[in-house]
Number of protein chains: 2
Amino acid sequence: MKTSAKFYHAGCPVCLEAETAVTRYLDTAKVDLEVVHLGSAKNRLPEAERAGVRSVPALVVEGKVLHLNFGAALADLK
Amino acid sequence: MKTSAKFYHAGCPVCLEAETAVTRYLDTAKVDLEVVHLGSAKNRLPEAERAGVRSVPALVVEGKVLHLNFGAALADLK
């Protein structure tokens, strides 16, 4: 069974660089990846916060948050 | 042709959590991953610094550094 993962970003340059790496090298045989733009989908902010995301870009997989470099604080996207 | 990637860590809990995610979900058909423990292989510190690694855990792929959360500053491993 595939694991589902969420990549949260806000379209920033740091986000895009991380997105390229994640979408290119994540094993799609093992992971279903959803890319969520928190700048445009602000209704997803509470979900990201609950998952432990404090800044973007971030990848949430198996309940773990990996903050990938630092693009913007979640608080600044509200 | 495969891309080579390096995962730098220092055995810290944050490092291990990131290592689990990286080794589990990176597409090994596309990437050759080398895991480097900078705590024990201090001779690799200059190479990591040159690649732009400022803290561990970090993944270097295609000349880009992805700092994955924050375990320890590179300066503290010297």
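A residue counts as partly exposed when its number of other C-beta atoms within 10 Å falls between the two cut-offs: 20 or more makes it buried, 12 or fewer makes it exposed. Keep that in mind for the first view; everything shown here comes from a predicted model.

**View 1. Glu19(A), a partly exposed residue on a helix.** Here we're zoomed in on helix H1 of chain A, which covers residues 13-25 and holds Glu19(A). Count the other C-beta atoms within 10 Å of Glu19(A) and you get 19. Since being buried takes 20 or more, Glu19(A) ends up as partly exposed.

**View 2. The contacts of Glu19(A) beyond its sequence neighbours.** Set aside anything within four places in sequence, and what does Glu19(A) touch? The list is Phe7(A), His9(A), Val35(A) and Pro57(A). Look also for Ala58(A), which sits 39 residues away from Glu19(A) along the chain. In space, their C-alpha atoms are 9.3 Å apart.

**View 3. Chain A, with its 2 helices and 4 strands.** Trace the chain from the N terminus and the elements come in the order β-α-β-α-β-β. The radius of gyration is 12 Å, close to the 12 Å that the globule rule gives for 78 residues, so chain A is as compact as a globular protein of that length. The C-alpha trace spans about 35 × 25 × 20 Å along its principal axes. Of the 78 residues in chain A, 35% are buried. As for how the chain folds back on itself, take the contacts between residues at least 6 apart in sequence: 62% of them link residues at least 24 apart.

**View 4. Chain B laid over chain A by a rotation.** Turn chain B by 180°, with 0.0 Å of shift along the axis, and it superposes on chain A with an RMSD of 0.0 Å. That's how a two-fold axis relates its copies. To find the axis from chain B, go to Asp27(B): its C-alpha is the nearest in that chain, at 2.0 Å. Both copies use the same surface, with 100% of the contact residues of chain B recurring in chain A.

**View 5. The side of chain B that touches chain A.** Each chain puts residues into this contact: 14 from chain B and 14 from chain A. On the chain B side, the elements giving two or more residues are helix H1 (13-25) and strand S4 (64-73). Which of them gives the most? That's S4(B), with 5 residues. Sorted by class, this side of chain B has 8 nonpolar, 2 polar and 4 charged residues.

Definitions and conventions
Residues are numbered from 1 along each chain as its sequence is written. Chains are lettered from A and ligands numbered from 1 in the order in which they are written. This is a predicted model: local features need pLDDT of at least 70, side-chain atom pairs count only at pLDDT 80 or more; totals for chains, interfaces and linings use all residues. Copies are superposed by least squares on the C-alpha atoms of residues with pLDDT of at least 70 in both. Two residues are in contact if their C-beta atoms, placed from the backbone, lie within 7 Å. Ala, Val, Leu, Ile, Met, Phe, Trp, Tyr, Cys and Pro count as nonpolar, Asp, Glu, Lys and Arg as charged, and the others, Gly among them, as polar. The radius of gyration is taken over C-alpha atoms; the globule rule is 2.2 Å times the number of residues to the power 0.38.
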